[in-house]
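Dear colleague,

Please find below the structure that I am handing over to you. My notes on it follow, and I should be grateful if you would read them alongside the model.

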Amino acid sequence: MTEQIQEIKKKLKHKLDKERYQHTLGVMYTASCLAMAHGADMEQAMLAGLLHDCAKCIPNTEKVKLCEKHHLDISHVERENPFLLHSRLGAFLAKSEYGVEDLTILHAIEVHTTGEENMSLLDKIIFVADYIEPHRNKAPNLTEIRNLAFHNLDEAVLRILYDTLHYLNQKKGAIDKKTQETYEYYQKLLDK
Ligand code: DGI
Ligand code: FE
Ligand code: FE
């Protein structure tokens, strides 16, 4: 493993709670496996996986304040559900606090919660790795989605979005425009 990854790991351990740190390592390794399966750059996948939730444990009020301070956009749904900001703020911190300059990595971190239309290979790897890493055990259909992830990444993305929207509808969670748009884009792309 590169020195950069080792150093970031050390720093992150103090910024995340124990469970989030374990999840983060799970996403890092799962992302590297998906990169192997789909011919992506493993180092980029590991770095993006390692940092994707770097802003997750900042208190929600602080997330909003930090976004305002650094002029990061906050949508209506994000203001109501500030946990959603951890992805955009995470991309910002990955650059400013952890020294990552690679825009491909920063973008994958930025869109990891809602996804986005026409995602890059790395975006999709992080989006899927986040959902299937080994510590995750609550979502339905995980066995099937884990299998799909290594064979058809777009299908896995669509399935995750379908299940996430279903879950949010059930618990009456506000749906970010981007989550819905991503779902519709992949539904159309795969002709479903
Ligand atoms: O940060 P993690 O928990 O590892 O994972 P994540 O960043 O993908 O966040 C997962 C949560 O985000 C999950 O409970 C579903 C929720 N989510 C995804 N899209 C939306 C959403 N929540 C709301 N309220 N609105 C959305 O559009
Ligand atoms: Fe996250
Ligand atoms: Fe995560």
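**Charge and overall form**

The protein carries 25 positive and 29 negative side chains, and the centres of these two sets are 6 Å apart. Please note that this is a predicted model.

The protein contains 11 helices and 0 strands. Followed along the sequence, the pattern is accordingly α-α-α-α-α-α-α-α-α-α-α. For 192 residues, a compact globule would be expected to show a radius of gyration near 16 Å, and the protein agrees with this at 16 Å. The C-alpha trace spans about 40 × 40 × 30 Å along the principal axes.

Of the 192 residues, 48% count as buried. The accessible surface comes to about 10200 Å², and carbon and sulfur atoms account for 51% of that area. Where contacts join residues at least 6 apart in sequence, 59% of them are between residues at least 24 apart.

**The two iron ions**

Which residues coordinate the iron ion (ligand 2)? The donors are D53 through OD, H86 through NE2 and H112 through NE2, at 2.1 to 2.2 Å. Their spacing in sequence is D-x32-H-x25-H. Within this set, D53 and H86 link distant parts of the chain: D53 sits in the loop between α3 (42–51) and α4 (60–69), whereas H86 belongs to helix α6 (residues 86–96), and the two are 33 residues apart.

Are D53 and H86 buried or exposed? D53 has a relative accessibility of 2% and therefore counts as buried. H86 is likewise buried, with a relative accessible area of 2%. The cut-off behind both assignments is a relative accessible area under 20%.

The iron ion (ligand 3) is coordinated at 2.2 Å by H23 (NE2), H52 (NE2), D53 (OD) and D130 (OD). These donors follow the spacing H-x28-H-D-x76-D in the sequence. H52 lies in the loop between α3 and α4, and D130 lies in helix α8 (residues 121–132), so this pair ties together parts of the chain that are 78 residues apart in sequence. Both H52 and D130 are buried.

What connects the iron ion (ligand 2) with the iron ion (ligand 3)? D53 bridges them, and the two ions lie 3.5 Å apart. D53 is thus named among the donors of the iron ion (ligand 2) and among those of the iron ion (ligand 3). When you examine these sites, please bear in mind that water is not among the atoms, so sites may look incomplete.

**Two loop residues with positive phi**

H71 has a phi near 55 degrees, a positive value in a residue other than glycine. H71 is located in the loop between α4 and α5 (76–80). With a relative accessible area of 72%, H71 is exposed.

K172 also has a positive phi, near 55 degrees, and is a residue other than glycine. The loop that holds K172 runs between α10 (153–170) and α11 (177–189). At 73% relative accessibility, K172 counts as exposed.

**Further residues in helices and loops**

T179 is part of helix α11. A relative accessible area of 7% makes T179 buried. Apart from its neighbours within four places in sequence, T179 is in contact with T114, L161 and L165.

F92 belongs to helix α6, the helix that also contains H86. Is F92 buried or partly exposed? At 24% relative accessibility, F92 counts as partly exposed. Not counting residues up to four places away in sequence, F92 touches H70 and L72. From F92 to I109 the distance is 9.2 Å, C-alpha to C-alpha, with their positions 17 residues apart in sequence.

A139 is placed in the loop between α8 and α9 (142–151). With a relative accessible area of 27%, A139 is partly exposed. A139 and N169 are 30 residues apart in sequence, and their C-alpha atoms are 15 Å apart in space.

Yours sincerely

Key:
Residues numbered from 1 in each chain as written. Chains lettered and ligands numbered in written order. Predicted model: local features only at pLDDT ≥ 70, side-chain atom pairs only at ≥ 80, totals over all residues. Heavy atoms only, no water. Helix = DSSP H or I, 4+ residues; strand = E, 2+ residues; numbered from the N terminus. Rg over C-alpha atoms; globule rule 2.2 N^0.38 Å. Buried < 20%, exposed > 50% of the residue type's maximum accessible area, 1.4 Å probe, protein only. Contact = heavy atoms within 4.5 Å. Areas by Shrake-Rupley, 256 points an atom, 1.4 Å probe, with all protein chains shown as cover. Lys, Arg positive; Asp, Glu negative; His and termini not counted. Charge placed at Lys NZ, Arg CZ, Asp CG, Glu CD. Donors = N, O, S within 2.8 Å, 3.2 Å for Na, K, Ca; no water.
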